[in-house]
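Here is a short report on side-chain packing and aromatic pairs. Please keep the model open alongside the text.

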Amino acid sequence: MPTLFTHAAIPVGLGIGLGKKTIPTRLLVTGILFSVIPDFDGIGFWTGIAYGSTIGHRGLTHSLVFAVLLALFGTLFFKWFRTTARATFFFLLLTTVSHTLLDSITNGGLGVVFFWPWSNKRYFLPWQVIEVSPIRISDFLSRRGYVVLISELKWIWAPCLSAGFILMATRRIFFRRS
C-alpha cells in the first residue's frame, strides 16, 4: 500500500482543482478520511485474520461495492457538507476508489479484491510503479521508508497536485469561478 497519508493526495488534488464551491472543506476532509478507510482492514494483522482472507488486508474493504456503499452512506449527509447529493456521491466514490487503485499499482502484497462479492480474486493493475509501504512504523525511519516516500512523491503527490493546479487554473480561466 502507499503510506496512509499518501492516500490523501487524490482528494487534495481534486479539492484544489474543483474549488471550495464544488468541494467544501467539510466534504474535502471527509473525502480524505474515506480515502484511508479501506485500510481499516489492517487490524487483521494484529487480530490473526489471514492476509489472503476476504476480510483480510486489501480484501472486501478495497472492493468497488464497498466504495459505492461508503459513498452512498456519505451522501446521506450532503446538506451538512453544503453541496449537492451528486457532488457528494461522486467525490466520495472517487476518493474511496482511489485507495484501491493506488494499492493496485504498488509492487508488493497480494493484490486487491476489486470485485467482491462476486469474486475474491486479487488483482494488480498492469504497471506497479509505487514502492509498497512498510507496515511497521519503525520501518519508515529506515532507508526503505525513504525509498517509499520518494516513490510516492514521484508517482502520486506530484501528478495529483499538478493536475489539481492545472484544473484550478483552467476553471478560473474558462469559468471565472474560484
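At 40% relative accessibility, F115 counts as partly exposed, because that class lies between buried, under 20% relative accessible area, and exposed, over 50% (1.4 Å probe, protein chains only). F114, at 8%, counts as buried.

| Residue | Relative accessibility | Class |
|---|---|---|
| F114 | 8% | buried |
| F115 | 40% | partly exposed |

This is a predicted model: local features need pLDDT of at least 70, side-chain atom pairs count only at pLDDT 80 or more, and totals for chains, interfaces and linings use all residues. Residues are numbered from 1 along each chain as its sequence is written, and side-chain values use heavy atoms, without hydrogens or water.

The structure holds six aromatic pairs (Phe, Tyr and Trp rings, the six-membered one for Trp, with centres within 6.5 Å; planes under 30 degrees apart are stacked, over 60 edge-to-face, the rest tilted). The ring centres of F114 and F115 lie 5.9 Å apart with planes at 40°, so this pair is tilted. Ring pairs join F114, F115 and Y123 in a cluster.

Now the cores. The largest nonpolar core (buried Ala, Val, Leu, Ile, Met, Phe, Trp, Tyr and Cys residues joined through side-chain atoms within 4.5 Å) has 14 residues. L27, L92 and L93 touch the most other members. Two or more residues come from each of α2 (25-36), α4 (64-75) and α6 (85-103) (helices are DSSP H or I runs of at least four residues, numbered from the N terminus). α6 gives the most, with five residues. Apart from this core lies another, of seven residues, including A9, I156, W157 and C160.
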